Amino acid sequence: MPKKFAKKYVVEDTTGGVLRFYFRKKGQKKIRLPGVPGSDEFNKAYYDALSGVLSAEQIGPKRSTQGTLRWLCEKYFQSSDYMRLDQRTRLVRKQIIEHIWAEPIKPGSGKLFEDVPINVFGPKAVRVLRDRKSDLPEAGNSRIKALRAVFNWATAKDVELAMSNPARDVAYFKGTTDGFHTWTEAEVEQFEARHPVGTRARLAMALMLYTGQRRSDIILFGKQHVSGGQIKFTQQKNRNRKPITLELPIHPDLQEIIDATKCGDLTFLVTDFGRPFKNSNSFGTYFRRRCNEAGLPHCSAHGLRKVAATRLANRGATEHQIMAVTGHTTSKEVTRYTKAANQRRLAKSAIELMSKPENDDD
């Protein structure tokens, strides 16, 4: 039997939200320790590393066992269903799934979900994984969505690696927030005061406000997309599966800001080195700093797409008109903006009625 667990030389690492343990001794490479402290698997690896029997070179990627959850997920990563997803979506989904299989089946257990056989991985297990993120509802829902995708693929007639989809009937957490903060008009004005026309930050904001597009789209906009006062492009999201091509008129205010800003040859927006942004994340980091400079640490690029939709709704645009700009294919998201705008208009007209004298039928 392994010796009693000792904490000396053991360090914890929570990178990516997954708790890992390593053996780290001065002058040696760190060694990943399997399981959790106190388990037989962990203790054996610890004392093997301490005695020099186990080295960092001997610890390689774990090989999954056929028929287990991890084995199925790794098969999914090789599928066309997964490979056809956008690069960003693939990365996020892979991280979510890897976090799922690294979870212990019970708190303190040395057994992980990755080793659970597919035929016993049922709705109860999915609920457990969801509920462990009850303090972060969107993260819990993302786990359900990822597992549904894996098992939808696995249960297809041309795959048949699983008999049923255990995540199909597990309900999502009801939304407790509207997601990213939606900028107020006062916050937009505050940002504009800090970043005047002619700056890249102001151009970045204008591209999002006047087109209603995601950051992954606006960083690619350039002269080649413009013709006859229109900007034509295919949205980056779902471009490999369900591409959406839009053609939007360029608002006069946006054109004025573009003309006043030093733009790149291929893209309107460029980095400090005059190159296009590498991806939406690098742009997000850049824009986060500009928000901080404006005293708006709670604001981000994500929320400006909502501002564009809100402005349209407040000016009386219909759901279909807003969808024609944002590229939404269903009215589910857009309805929130039109409902809020309609509520304000109805409330205003109702309060105005209070100023009128009551009808006296007597």
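**Entry 1: the sheet**

I began with strand β2 (residues 20-23), which pairs with β3 in the antiparallel sense over 3 bridges. The model I am reading is a predicted one. I then looked up Tyr22 and found that its bridge partner in β3 is Arg32.

Next I asked in what order the strands of this open sheet run. The order is β1-β2-β3, 3 strands with antiparallel pairing. I noted β1 (10-13) and β3 (31-33) as the edge strands, each pairing on one side only. From one strand to the next, I read an average twist of 40°. As a reminder to myself, strands of a sheet pair through backbone hydrogen bonds.

**Entry 2: the domains**

I looked up the domain assignment of the protein and copied out domain 1 (10-51), domain 2 (69-155) and domain 3 (185-348). How many Å separate the centres of domain 1 and domain 3? I found 46 Å, with the centres taken over C-alpha atoms.

**Entry 3: the second largest pocket**

I turned to the second largest pocket, which holds about 340 Å³ of space. I counted 14 residues in its lining. Which of them lie nearest the centre of the pocket? They are Leu209, Tyr210, Thr211, His251 and Leu312. I then checked which elements give two or more residues to this lining, and wrote down α8 (200-211), β6 (245-249) and α12 (302-314).

Last, I sorted the lining of the second largest pocket by residue class: 8 residues are nonpolar, 3 are polar and 3 are charged.

Terms used. Residues are numbered from 1 along each chain as its sequence is written. This is a predicted model: local features need pLDDT of at least 70, side-chain atom pairs count only at pLDDT 80 or more; totals for chains, interfaces and linings use all residues. Side-chain values use heavy atoms; hydrogens and water are left out. On a 1 Å grid over the protein atoms alone, a cavity is a set of points where a 1.4 Å probe fits but cannot get out, and a pocket is an open set with protein on both sides within 12 Å along at least five of seven lines; lining residues have an atom within 4 Å of a point. Grid points are joined across faces, edges and corners, and a volume is the space filled by probe spheres set on the points. Helices (H or I, at least four residues) and strands (E, at least two) are DSSP runs, numbered from the N terminus. Ala, Val, Leu, Ile, Met, Phe, Trp, Tyr, Cys and Pro count as nonpolar, Asp, Glu, Lys and Arg as charged, and the others, Gly among them, as polar. Domain bounds come from an automatic or database domain assignment. Two strands pair if DSSP finds at least two bridges between them. Axes are lines fitted to C-alpha atoms, for helices over the stretch in contact, and angles run from 0 to 180 degrees between N-to-C directions.
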